[in-house]
Amino acid sequence: MARKTTIKNDDDEAEEPVRPSFGSSAGAGNFEDPNQQRFDDELRPSKLEDIVGQMAVVERLRILLEATKKRKEPLGHLLFDGPPGLGKTTLATVIPRELGTELQITAGPSLSAPKDLLPYLTNASYGSVLFIDEIHRMPPTVEEFIYPAMEDFRIDITLGDGLNARTINMKLQPFTLIGATTRSGMLTAPLRDRFVNREHLDFYTTEELSTIISRNSQKLRTEIAPEAAHEIAIRSRGTPRKANNWLRWTRDFADARANGKITLDVARAALRMKGVDDAGLEEQDRRYLETIINVFSGGPAGVQALGHTLNIPADTLEDEVEPFLLREGFIQRTPRGRMITAKALAHLGVTSKSKTKSPRDNSDPASDQRELF
Ligand code: ADP
(Lines give C-alpha, C1' and ligand atoms only; values in the text may rest on other atoms or scores of the structure.)
Protein backbone atom coordinates (compact mmCIF):
# COMPACT_ATOMS: atom_id res chain seq x y z
CA MET A 1 0.00 0.00 0.00
CA ALA A 2 1.14 3.48 -0.70
CA ARG A 3 1.81 5.47 2.37
CA LYS A 4 0.99 9.09 2.45
CA THR A 5 1.61 11.90 4.81
CA THR A 6 0.01 15.30 4.67
CA ILE A 7 2.35 18.17 5.19
CA LYS A 8 0.80 21.21 6.76
CA ASN A 9 2.00 24.61 5.80
CA ASP A 10 1.98 26.10 9.26
CA ASP A 11 4.31 25.88 12.21
CA ASP A 12 2.60 22.85 13.70
CA GLU A 13 4.47 19.62 13.58
CA ALA A 14 3.19 17.70 10.59
CA GLU A 15 1.91 14.21 10.85
CA GLU A 16 4.95 11.99 11.32
CA PRO A 17 6.27 11.04 7.89
CA VAL A 18 5.67 7.40 7.18
CA ARG A 19 8.89 5.77 6.13
CA PRO A 20 9.19 2.51 4.29
CA SER A 21 11.35 -0.27 5.55
CA PHE A 22 14.62 -0.50 3.71
CA GLY A 23 16.15 -3.82 2.93
CA SER A 24 19.66 -2.72 2.18
CA SER A 25 22.65 -2.03 4.29
CA ALA A 26 24.25 0.09 1.64
CA GLY A 27 23.12 3.28 0.02
CA ALA A 28 22.09 6.15 2.21
CA GLY A 29 23.71 4.46 5.14
CA ASN A 30 21.12 5.37 7.74
CA PHE A 31 19.03 2.23 7.61
CA GLU A 32 21.25 -0.23 9.40
CA ASP A 33 20.32 1.05 12.80
CA PRO A 34 16.55 1.19 13.25
CA ASN A 35 17.03 4.02 15.75
CA GLN A 36 18.81 6.14 13.14
CA GLN A 37 15.56 6.79 11.32
CA ARG A 38 13.89 8.01 14.48
CA PHE A 39 16.89 10.20 15.43
CA ASP A 40 16.95 11.71 11.95
CA ASP A 41 13.24 12.47 11.97
CA GLU A 42 13.43 14.00 15.46
CA LEU A 43 16.11 16.50 14.51
CA ARG A 44 15.09 17.13 10.92
CA PRO A 45 14.44 20.81 10.11
CA SER A 46 10.85 21.28 9.03
CA LYS A 47 11.08 24.57 7.16
CA LEU A 48 13.38 25.88 4.46
CA GLU A 49 14.48 28.73 6.73
CA ASP A 50 15.70 26.17 9.30
CA ILE A 51 18.04 24.53 6.81
CA VAL A 52 21.63 25.37 7.66
CA GLY A 53 24.19 25.69 4.83
CA GLN A 54 23.72 24.57 1.19
CA MET A 55 22.99 28.22 0.54
CA ALA A 56 23.12 28.14 -3.26
CA VAL A 57 20.86 25.07 -3.38
CA VAL A 58 18.37 26.58 -0.93
CA GLU A 59 18.32 29.85 -2.88
CA ARG A 60 17.52 28.04 -6.13
CA LEU A 61 14.83 26.01 -4.36
CA ARG A 62 13.25 29.20 -3.02
CA ILE A 63 12.94 30.51 -6.57
CA LEU A 64 11.44 27.25 -7.82
CA LEU A 65 8.97 27.17 -4.93
CA GLU A 66 7.93 30.77 -5.39
CA ALA A 67 7.40 30.30 -9.12
CA THR A 68 5.46 27.08 -8.51
CA LYS A 69 3.19 28.76 -5.99
CA LYS A 70 2.57 31.74 -8.29
CA ARG A 71 1.78 29.58 -11.29
CA LYS A 72 -0.20 27.10 -9.19
CA GLU A 73 1.39 24.31 -11.18
CA PRO A 74 3.25 21.25 -9.90
CA LEU A 75 6.97 21.69 -9.31
CA GLY A 76 9.21 20.12 -11.97
CA HIS A 77 10.79 16.78 -11.05
CA LEU A 78 13.80 17.25 -8.82
CA LEU A 79 16.88 15.10 -8.16
CA PHE A 80 19.18 15.45 -5.15
CA ASP A 81 22.52 13.74 -5.17
CA GLY A 82 25.34 13.62 -2.66
CA PRO A 83 26.84 11.43 0.05
CA PRO A 84 24.62 10.06 2.85
CA GLY A 85 23.51 12.28 5.72
CA LEU A 86 23.83 15.63 3.92
CA GLY A 87 20.14 16.54 3.85
CA LYS A 88 18.58 14.99 0.74
CA THR A 89 15.62 13.53 2.67
CA THR A 90 15.38 16.68 4.73
CA LEU A 91 15.02 18.89 1.66
CA ALA A 92 12.62 16.44 0.05
CA THR A 93 10.34 16.63 3.11
CA VAL A 94 10.64 20.38 3.50
CA ILE A 95 9.53 21.10 -0.10
CA PRO A 96 5.95 19.71 0.11
CA ARG A 97 5.61 21.35 3.50
CA GLU A 98 6.52 24.71 1.94
CA LEU A 99 4.09 24.06 -0.91
CA GLY A 100 1.34 22.79 1.40
CA THR A 101 1.00 19.56 -0.56
CA GLU A 102 1.01 15.89 0.28
CA LEU A 103 4.11 13.74 0.44
CA GLN A 104 4.54 10.05 -0.20
CA ILE A 105 7.82 8.35 0.56
CA THR A 106 9.37 5.17 -0.75
CA ALA A 107 12.81 3.91 -1.75
CA GLY A 108 14.42 2.20 -4.74
CA PRO A 109 15.16 -1.10 -2.95
CA SER A 110 11.52 -1.56 -1.93
CA LEU A 111 10.25 -1.14 -5.50
CA SER A 112 11.06 -4.53 -6.95
CA ALA A 113 8.36 -4.49 -9.66
CA PRO A 114 6.08 -1.88 -11.32
CA LYS A 115 3.18 -3.07 -9.13
CA ASP A 116 5.07 -1.76 -6.07
CA LEU A 117 5.10 1.71 -7.55
CA LEU A 118 1.53 1.66 -8.82
CA PRO A 119 -0.23 2.66 -5.56
CA TYR A 120 2.08 5.63 -5.07
CA LEU A 121 1.38 6.89 -8.59
CA THR A 122 -2.36 6.38 -8.49
CA ASN A 123 -2.62 7.94 -5.01
CA ALA A 124 -0.63 11.03 -6.00
CA SER A 125 -2.87 14.10 -5.87
CA TYR A 126 -2.43 17.20 -8.06
CA GLY A 127 0.88 18.88 -7.24
CA SER A 128 1.81 16.35 -4.55
CA VAL A 129 5.32 15.03 -4.05
CA LEU A 130 6.50 11.46 -4.39
CA PHE A 131 9.93 11.03 -2.83
CA ILE A 132 12.00 8.03 -3.94
CA ASP A 133 15.15 7.62 -1.87
CA GLU A 134 18.06 5.63 -3.32
CA ILE A 135 16.45 5.97 -6.71
CA HIS A 136 19.51 4.46 -8.41
CA ARG A 137 18.49 1.11 -6.92
CA MET A 138 15.19 0.83 -8.80
CA PRO A 139 15.24 -2.15 -11.14
CA PRO A 140 15.07 -1.38 -14.89
CA THR A 141 11.46 -2.60 -15.19
CA VAL A 142 10.34 -0.07 -12.58
CA GLU A 143 12.45 2.63 -14.17
CA GLU A 144 10.80 2.07 -17.55
CA PHE A 145 7.39 2.09 -15.92
CA ILE A 146 8.06 5.47 -14.35
CA TYR A 147 9.15 7.25 -17.57
CA PRO A 148 5.63 7.94 -18.98
CA ALA A 149 4.45 8.79 -15.45
CA MET A 150 7.13 11.47 -15.19
CA GLU A 151 6.78 12.76 -18.72
CA ASP A 152 3.08 12.60 -19.58
CA PHE A 153 1.52 11.72 -16.22
CA ARG A 154 0.19 8.43 -17.51
CA ILE A 155 1.05 4.79 -17.01
CA ASP A 156 0.69 1.79 -19.25
CA ILE A 157 -0.64 -1.27 -17.44
CA THR A 158 -0.58 -4.65 -19.15
CA LEU A 159 -3.40 -6.96 -18.12
CA GLY A 160 -3.28 -10.69 -18.79
CA ASP A 161 -0.65 -12.31 -20.93
CA GLY A 162 -0.15 -14.08 -24.22
CA LEU A 163 -2.94 -13.54 -26.73
CA ASN A 164 -5.22 -12.09 -24.09
CA ALA A 165 -2.79 -9.40 -23.03
CA ARG A 166 -4.15 -5.86 -23.17
CA THR A 167 -2.49 -2.59 -22.35
CA ILE A 168 -4.51 -0.01 -20.51
CA ASN A 169 -3.47 3.57 -20.52
CA MET A 170 -4.19 5.31 -17.23
CA LYS A 171 -4.05 9.05 -16.61
CA LEU A 172 -2.42 10.29 -13.44
CA GLN A 173 -2.66 13.58 -11.58
CA PRO A 174 0.34 15.77 -12.37
CA PHE A 175 2.75 15.28 -9.48
CA THR A 176 6.38 15.97 -8.62
CA LEU A 177 8.91 13.21 -8.32
CA ILE A 178 11.80 13.98 -5.99
CA GLY A 179 14.60 11.45 -6.29
CA ALA A 180 17.60 11.13 -4.01
CA THR A 181 20.77 9.26 -4.81
CA THR A 182 24.19 8.79 -3.33
CA ARG A 183 25.36 7.65 -6.78
CA SER A 184 24.28 9.91 -9.58
CA GLY A 185 26.74 8.03 -11.79
CA MET A 186 24.64 4.89 -11.45
CA LEU A 187 21.49 6.57 -12.76
CA THR A 188 20.72 5.80 -16.37
CA ALA A 189 20.87 8.82 -18.68
CA PRO A 190 17.14 8.58 -19.63
CA LEU A 191 16.12 8.70 -15.96
CA ARG A 192 18.55 11.51 -15.11
CA ASP A 193 17.35 13.54 -18.09
CA ARG A 194 13.75 13.38 -16.92
CA PHE A 195 14.63 15.43 -13.85
CA VAL A 196 14.39 19.04 -14.93
CA ASN A 197 15.95 20.23 -11.69
CA ARG A 198 19.10 18.61 -10.33
CA GLU A 199 20.91 19.64 -7.18
CA HIS A 200 24.15 18.33 -5.75
CA LEU A 201 24.63 18.51 -1.99
CA ASP A 202 28.15 19.00 -0.75
CA PHE A 203 29.82 18.53 2.64
CA TYR A 204 29.22 21.21 5.29
CA THR A 205 31.74 23.59 6.82
CA THR A 206 32.75 23.33 10.47
CA GLU A 207 30.85 26.56 11.21
CA GLU A 208 27.66 25.23 9.63
CA LEU A 209 27.93 21.99 11.59
CA SER A 210 28.57 23.95 14.81
CA THR A 211 25.34 25.86 14.19
CA ILE A 212 23.43 22.60 13.60
CA ILE A 213 24.89 21.08 16.78
CA SER A 214 24.07 24.13 18.92
CA ARG A 215 20.50 24.33 17.58
CA ASN A 216 19.92 20.63 18.07
CA SER A 217 21.32 20.65 21.60
CA GLN A 218 18.54 23.12 22.39
CA LYS A 219 16.00 20.75 20.85
CA LEU A 220 17.47 17.98 23.03
CA ARG A 221 17.45 20.35 26.04
CA THR A 222 21.17 19.92 26.64
CA GLU A 223 23.61 22.64 27.50
CA ILE A 224 26.68 22.71 25.25
CA ALA A 225 29.68 25.05 25.33
CA PRO A 226 30.36 26.75 21.96
CA GLU A 227 33.90 25.30 21.88
CA ALA A 228 32.46 21.82 22.48
CA ALA A 229 30.03 22.29 19.57
CA HIS A 230 32.99 23.37 17.45
CA GLU A 231 35.03 20.33 18.53
CA ILE A 232 32.20 17.93 17.63
CA ALA A 233 31.75 19.76 14.32
CA ILE A 234 35.44 19.32 13.40
CA ARG A 235 35.09 15.58 13.88
CA SER A 236 31.81 15.15 12.04
CA ARG A 237 33.19 14.56 8.53
CA GLY A 238 31.29 17.50 7.08
CA THR A 239 28.03 15.57 7.62
CA PRO A 240 25.02 16.76 9.67
CA ARG A 241 23.89 13.19 10.42
CA LYS A 242 27.29 12.44 11.93
CA ALA A 243 27.20 15.71 13.89
CA ASN A 244 23.77 14.80 15.29
CA ASN A 245 24.93 11.30 16.21
CA TRP A 246 28.02 12.60 17.99
CA LEU A 247 25.89 15.19 19.76
CA ARG A 248 23.66 12.41 21.08
CA TRP A 249 26.62 10.36 22.19
CA THR A 250 28.36 13.26 23.96
CA ARG A 251 25.05 14.07 25.63
CA ASP A 252 24.76 10.50 26.93
CA PHE A 253 28.39 10.67 28.02
CA ALA A 254 27.82 14.00 29.78
CA ASP A 255 24.78 12.62 31.61
CA ALA A 256 26.60 9.46 32.68
CA ARG A 257 30.08 10.78 33.43
CA ALA A 258 29.68 14.51 34.07
CA ASN A 259 26.94 16.84 35.26
CA GLY A 260 25.01 16.75 31.99
CA LYS A 261 26.70 19.78 30.44
CA ILE A 262 28.76 19.18 27.30
CA THR A 263 32.02 21.02 27.89
CA LEU A 264 35.07 20.86 25.63
CA ASP A 265 36.68 18.23 27.89
CA VAL A 266 33.51 16.15 27.96
CA ALA A 267 33.20 16.29 24.15
CA ARG A 268 36.84 15.29 23.69
CA ALA A 269 36.63 12.41 26.18
CA ALA A 270 33.36 11.15 24.67
CA LEU A 271 34.72 11.17 21.12
CA ARG A 272 38.01 9.61 22.20
CA MET A 273 36.03 6.76 23.70
CA LYS A 274 34.38 6.23 20.29
CA GLY A 275 37.78 6.13 18.60
CA VAL A 276 37.22 9.36 16.62
CA ASP A 277 40.50 11.14 15.98
CA ASP A 278 41.04 14.85 15.53
CA ALA A 279 40.52 14.64 11.76
CA GLY A 280 37.18 12.89 12.29
CA LEU A 281 38.51 9.51 11.17
CA GLU A 282 37.01 6.48 12.84
CA GLU A 283 38.23 2.94 13.30
CA GLN A 284 36.76 1.88 9.95
CA ASP A 285 38.53 4.72 8.10
CA ARG A 286 41.86 3.90 9.68
CA ARG A 287 41.45 0.20 8.84
CA TYR A 288 40.65 1.17 5.25
CA LEU A 289 43.75 3.35 4.95
CA GLU A 290 45.96 0.78 6.69
CA THR A 291 44.72 -1.91 4.33
CA ILE A 292 45.76 0.14 1.30
CA ILE A 293 49.16 0.67 2.92
CA ASN A 294 49.79 -2.80 4.29
CA VAL A 295 48.01 -5.10 1.90
CA PHE A 296 48.21 -3.12 -1.33
CA SER A 297 51.56 -1.39 -0.75
CA GLY A 298 49.92 2.02 -0.87
CA GLY A 299 47.82 1.23 -3.96
CA PRO A 300 46.43 1.27 -6.49
CA ALA A 301 43.74 -0.89 -4.91
CA GLY A 302 40.37 -1.68 -6.50
CA VAL A 303 37.32 -1.05 -4.34
CA GLN A 304 36.10 -4.64 -4.74
CA ALA A 305 39.44 -6.00 -3.53
CA LEU A 306 39.43 -3.57 -0.62
CA GLY A 307 35.89 -4.60 0.25
CA HIS A 308 36.82 -8.28 0.25
CA THR A 309 39.89 -7.68 2.41
CA LEU A 310 37.99 -5.54 4.91
CA ASN A 311 34.86 -7.67 4.76
CA ILE A 312 32.77 -4.58 4.04
CA PRO A 313 30.50 -4.32 0.96
CA ALA A 314 32.16 -2.26 -1.78
CA ASP A 315 28.94 -0.18 -1.94
CA THR A 316 29.37 0.84 1.68
CA LEU A 317 32.99 1.81 1.08
CA GLU A 318 32.03 3.90 -1.94
CA ASP A 319 29.07 5.60 -0.28
CA GLU A 320 30.14 6.03 3.30
CA VAL A 321 33.89 5.77 3.67
CA GLU A 322 35.54 7.06 0.53
CA PRO A 323 33.78 10.40 -0.19
CA PHE A 324 35.15 12.01 2.97
CA LEU A 325 38.62 10.46 2.61
CA LEU A 326 38.76 11.69 -0.99
CA ARG A 327 37.62 15.16 -0.12
CA GLU A 328 40.11 15.46 2.70
CA GLY A 329 42.92 14.20 0.46
CA PHE A 330 43.63 10.97 2.39
CA ILE A 331 43.20 8.91 -0.77
CA GLN A 332 43.29 9.53 -4.51
CA ARG A 333 41.13 7.80 -7.08
CA THR A 334 42.97 6.80 -10.21
CA PRO A 335 41.75 4.72 -13.16
CA ARG A 336 43.65 1.76 -11.68
CA GLY A 337 42.26 2.09 -8.17
CA ARG A 338 42.65 3.94 -4.87
CA MET A 339 46.05 5.31 -3.84
CA ILE A 340 47.16 6.37 -0.40
CA THR A 341 48.40 9.98 -0.14
CA ALA A 342 51.28 11.55 1.77
CA LYS A 343 48.69 13.30 3.96
CA ALA A 344 47.22 9.94 5.05
CA LEU A 345 50.69 8.54 5.77
CA ALA A 346 51.54 11.59 7.87
CA HIS A 347 48.20 11.37 9.70
CA LEU A 348 48.75 7.71 10.55
CA GLY A 349 52.37 8.35 11.47
CA VAL A 350 53.67 6.12 8.69
CA THR A 351 56.82 7.06 6.86
CA SER A 352 57.00 6.11 3.23
CA LYS A 353 59.56 3.41 4.16
CA SER A 354 57.58 1.76 6.92
CA LYS A 355 54.22 0.10 7.30
CA THR A 356 51.62 0.29 10.00
CA LYS A 357 51.35 -2.81 12.11
CA SER A 358 48.12 -4.60 11.52
CA PRO A 359 46.81 -8.05 12.38
CA ARG A 360 47.20 -8.91 8.69
CA ASP A 361 50.85 -8.04 8.77
CA ASN A 362 52.91 -11.20 8.47
CA SER A 363 55.83 -9.46 10.14
CA ASP A 364 58.01 -9.95 7.18
CA PRO A 365 61.02 -7.89 8.29
CA ALA A 366 61.94 -7.20 4.68
CA SER A 367 58.52 -5.74 4.02
CA ASP A 368 59.09 -3.07 6.66
CA GLN A 369 61.88 -1.78 4.51
CA ARG A 370 59.79 -1.75 1.36
CA GLU A 371 59.08 1.67 -0.02
CA LEU A 372 55.46 2.44 -0.58
CA PHE A 373 55.99 4.43 -3.73
P1 ADP B 1 20.28 12.13 3.52
O2 ADP B 1 18.86 11.94 3.08
O3 ADP B 1 21.09 12.99 2.58
O4 ADP B 1 20.97 10.83 3.85
P5 ADP B 1 19.04 13.44 5.80
O6 ADP B 1 18.23 14.46 5.12
O7 ADP B 1 18.31 12.23 6.33
O8 ADP B 1 20.26 12.97 4.89
O9 ADP B 1 19.83 14.17 6.99
C10 ADP B 1 20.27 13.49 8.13
C11 ADP B 1 20.06 14.38 9.34
O12 ADP B 1 20.95 15.48 9.26
C13 ADP B 1 18.66 14.96 9.43
O14 ADP B 1 17.89 14.33 10.39
C15 ADP B 1 18.83 16.38 9.87
O16 ADP B 1 18.61 16.50 11.27
C17 ADP B 1 20.27 16.68 9.63
N18 ADP B 1 20.45 17.65 8.54
C19 ADP B 1 20.71 17.35 7.25
N20 ADP B 1 20.86 18.47 6.54
C21 ADP B 1 20.67 19.50 7.38
C22 ADP B 1 20.70 20.93 7.24
N23 ADP B 1 20.98 21.49 6.07
N24 ADP B 1 20.45 21.69 8.31
C25 ADP B 1 20.18 21.12 9.50
N26 ADP B 1 20.16 19.77 9.72
C27 ADP B 1 20.40 18.98 8.67
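**Exercise 1. Determine where the ligand lies with respect to domain 1 (3–200) and domain 2 (206–273).**

Solution. Both domain 1 (3–200) and domain 2 (206–273), whose bounds come from an automatic or database domain assignment, contribute residues to the shell around the ligand, so the ligand lies between them. The model is a predicted one, in which local features need pLDDT of at least 70 and side-chain atom pairs count only at pLDDT 80 or more, while totals for chains, interfaces and linings use all residues. Residues are numbered from 1 along each chain as its sequence is written.

Next, consider the residues themselves: there are 22 around the ligand, and those that come nearest are Gly87, Lys88, Thr89, Thr90 and Pro240, where a residue is near a molecule or strand if its C-beta atom, placed from the backbone, lies within 6 Å of it. Two or more residues of this shell are given by each of α1 (34–43), α3 (88–99) and α9 (240–257); helices (H or I, at least four residues) and strands (E, at least two) are DSSP runs, numbered from the N terminus.

Finally, sort the shell by class: ten residues are nonpolar, eight polar and four charged, with Ala, Val, Leu, Ile, Met, Phe, Trp, Tyr, Cys and Pro counted as nonpolar, Asp, Glu, Lys and Arg as charged, and the others, Gly among them, as polar.

**Exercise 2. Describe how α7 (residues 206–219) packs on α9.**

Solution. Two packed helices are described by the angle between their axes and the distance between the axes. The axes of α7 and α9 come within 10 Å and cross at roughly 45°, the axes being lines fitted to C-alpha atoms, for helices over the stretch in contact, with angles that run from 0 to 180 degrees between N-to-C directions. This makes α7 oblique to α9, since angles under 35 degrees count as roughly parallel, over 145 as roughly antiparallel, 65 to 115 as roughly perpendicular and the rest as oblique.

On the α7 side, the contact is made by Leu209, Ile212, Ile213, Asn216 and Ser217, and on the α9 side by Pro240, Ala243, Asn244 and Leu247; two residues are in contact if their C-beta atoms, placed from the backbone, lie within 7 Å. By class, six of these residues are nonpolar, three polar and none charged.

**Exercise 3. Classify the crossing of α12 (residues 303–310) and α13 (residues 314–327), and examine the loop that leads to α12.**

Solution. The axes of α12 and α13 come within 8 Å and cross at roughly 105°, which means that α12 is roughly perpendicular to α13. Val303, Gln304, Leu306 and Gly307 of α12 meet Ala314, Leu317 and Glu318 of α13, a contact with four nonpolar, two polar and one charged residues.

In the loop between α11 (283–294) and α12 lies Pro300, which is joined to Gly299 by a cis peptide bond with omega of about 5°.

**Exercise 4. Characterise the backbone at Lys72.**

Solution. Lys72 belongs to the loop between α2 (55–71) and β2 (78–81). Its phi is near 55°, a positive value in a residue other than glycine.
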